[in-house]
Amino acid sequence: MLKGKAAIVTGSTSGIGLGIARSLARAGADIVLNGFGEAAAIEELRRGIETEFGVGVIHHGADMAKPAEIEALVAACAERFGGVDVLVNNAGIQHTAPVDQFPVDRWDAVIAINLSSAFHGIRLALPHMKARGWGRIVNIASAHGLVASVNKSAYVAAKHGIVGLTKVVALETAGCGITCNAICPGWVLTPLVQKQIDALAEREGIPPQEAEVRLLSEKQPSRAFTTPEQLGELAVFLCGPAAANLTGASLPVDGGWTAQ
Ligand code: NAD
């Protein structure tokens, strides 16, 4: 379905981004991986996706906190694959602290990586999409783009920002063959969430398995994690013909979290 399309997935060396990159590759897209990690491990991932799905895959190590590096990332995709057809803004970090104790440098980093990076990616990728009259932008927001939790001021502000940005870009691209949507996952068991489970286990003096159950039962009525593979399949759907008129939406995949 996506054969001949080039997709950038930011933050795709781990977790949700990796799941989405694999699903897009399975659907036939050439992939630009991005994210941090050990060079040999990244090369193994890159080659693995390339051989498993028979598509072109490159890795670009842009730091999504740095606009000049985001520009180089988009340019690398255009140079290697002749354009940019799909942009998945996924890179993200978390930091938790009460707002009056929130470290200023962590606030700046969360806003830069979780919100401003999407603005830069979109502004740089859109001319390529407009040139071909087709494009798909998928922003990975969060249940925290729709509701709040304590101690997550920067994350919740960034994710609400992403939901707003999604709507504006959808309006500005309506009728141009381009759509822009946000996916709002609840809990997904990735390294980002594992850190929060470990912190809860340590704080409460309970085993990690019990912390996992407690984390889920506090917020997610299904009491099951969403998987990166499920989010990958949703991203593929958003890139497909059935979703051509689906734009400006923020789609919760949260086991009922935001239905409460
Ligand atoms: P993760 O920690 O497993 O992966 C994050 C990825 O982003 C990694 O590839 C990492 O190298 C990359 N990254 C981090 N900082 C970067 C930077 N400055 N420049 C480039 N790459 C960078 O996290 P995840 O859970 O897969 O999260 C991915 C996205 O999904 C984030 O935006 C997160 O907010 C969102 N999300 C996650 C959950 C969840 O439960 N895991 C829920 C809702 C939303």
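Reader: Let's start with handedness: in which sense does α1 pass α2?

Author: This is a predicted model, so take what follows as a reading of that model. Here α1 passes α2 in a right-handed crossing.

Reader: And at what angle do α1 and α2 pack?

Author: About 25°, with the two axes 9 Å apart. Angles under 35 degrees count as roughly parallel, so α1 is roughly parallel to α2. Helix α2, by the way, covers residues 39-53.

Reader: Which residues of α1 and α2 actually meet?

Author: On the α1 side look for Leu18, Arg22, Ala25 and Arg26; on the α2 side, Leu45, Ile49, Glu52 and Phe53. Sorted by class, that contact has 5 nonpolar and 3 charged residues, and no polar ones.

Reader: Helix α1 also packs on α8. How do I read the crossing of α1 and α8?

Author: Take distance and angle together. The axes of α1 (residues 15-26) and α8 (residues 228-239) come within 7 Å, and they cross at roughly 50°. An angle like that falls outside the parallel, antiparallel and perpendicular ranges, which makes α1 oblique to α8. As for handedness, α1 passes α8 in a right-handed crossing.

Reader: Which residues make the contact between α1 and α8?

Author: From α1 you have Gly15, Ile16, Gly19, Ile20, Ser23, Leu24 and Arg26. They meet Pro228, Glu229, Leu231, Gly232, Glu233, Ala235, Val236 and Cys239 of α8. The class split is 8 nonpolar, 4 polar and 3 charged. Notice Arg26: this residue is in the contact with α8 and also in the one with α2.

Reader: What about α6 and α7: what angle do their axes make?

Author: Roughly 110°, with the axes of α6 (residues 191-204) and α7 (residues 208-219) coming within 8 Å. The range 65 to 115 degrees counts as roughly perpendicular, and α6 and α7 are therefore roughly perpendicular to each other. Helix α6 passes α7 in a right-handed crossing. On α6 the contact uses Val193, Ile197, Leu200, Ala201 and Glu204, and on α7 it uses Pro208, Ala211, Glu212, Arg214 and Leu215. That gives 7 nonpolar and 3 charged residues, with no polar ones.

Reader: Now for enclosed space. How many cavities of 30 Å³ or more does the structure hold?

Author: A cavity is a space where a probe fits but cannot get out. The structure holds 1 of 30 Å³ or more, and about 30 Å³ of space lies in the largest cavity.

Reader: Which residues line the largest cavity?

Author: Go round the wall and you'll find Asn89, Asn90, Ala91, Ile113, Asn114, Ser117, Ala118, Ile140, Lys159 and Ile162. By class, that lining divides into 5 nonpolar, 4 polar and 1 charged.

Reader: Which helix gives the largest share of that lining?

Author: Helix α4, with 4 residues. Both α4 (104-132) and α5 (153-173) supply at least two residues each.

Notes:
Residues are numbered from 1 along each chain as its sequence is written. This is a predicted model: local features need pLDDT of at least 70, side-chain atom pairs count only at pLDDT 80 or more; totals for chains, interfaces and linings use all residues. Side-chain values use heavy atoms; hydrogens and water are left out. On a 1 Å grid over the protein atoms alone, a cavity is a set of points where a 1.4 Å probe fits but cannot get out, and a pocket is an open set with protein on both sides within 12 Å along at least five of seven lines; lining residues have an atom within 4 Å of a point. Grid points are joined across faces, edges and corners, and a volume is the space filled by probe spheres set on the points. Ala, Val, Leu, Ile, Met, Phe, Trp, Tyr, Cys and Pro count as nonpolar, Asp, Glu, Lys and Arg as charged, and the others, Gly among them, as polar. Axes are lines fitted to C-alpha atoms, for helices over the stretch in contact, and angles run from 0 to 180 degrees between N-to-C directions. Angles under 35 degrees count as roughly parallel, over 145 as roughly antiparallel, 65 to 115 as roughly perpendicular and the rest as oblique. A crossing is left-handed if the near helix is turned anticlockwise from the far one by less than a right angle, and right-handed if clockwise. Contact means heavy atoms within 4.5 Å.
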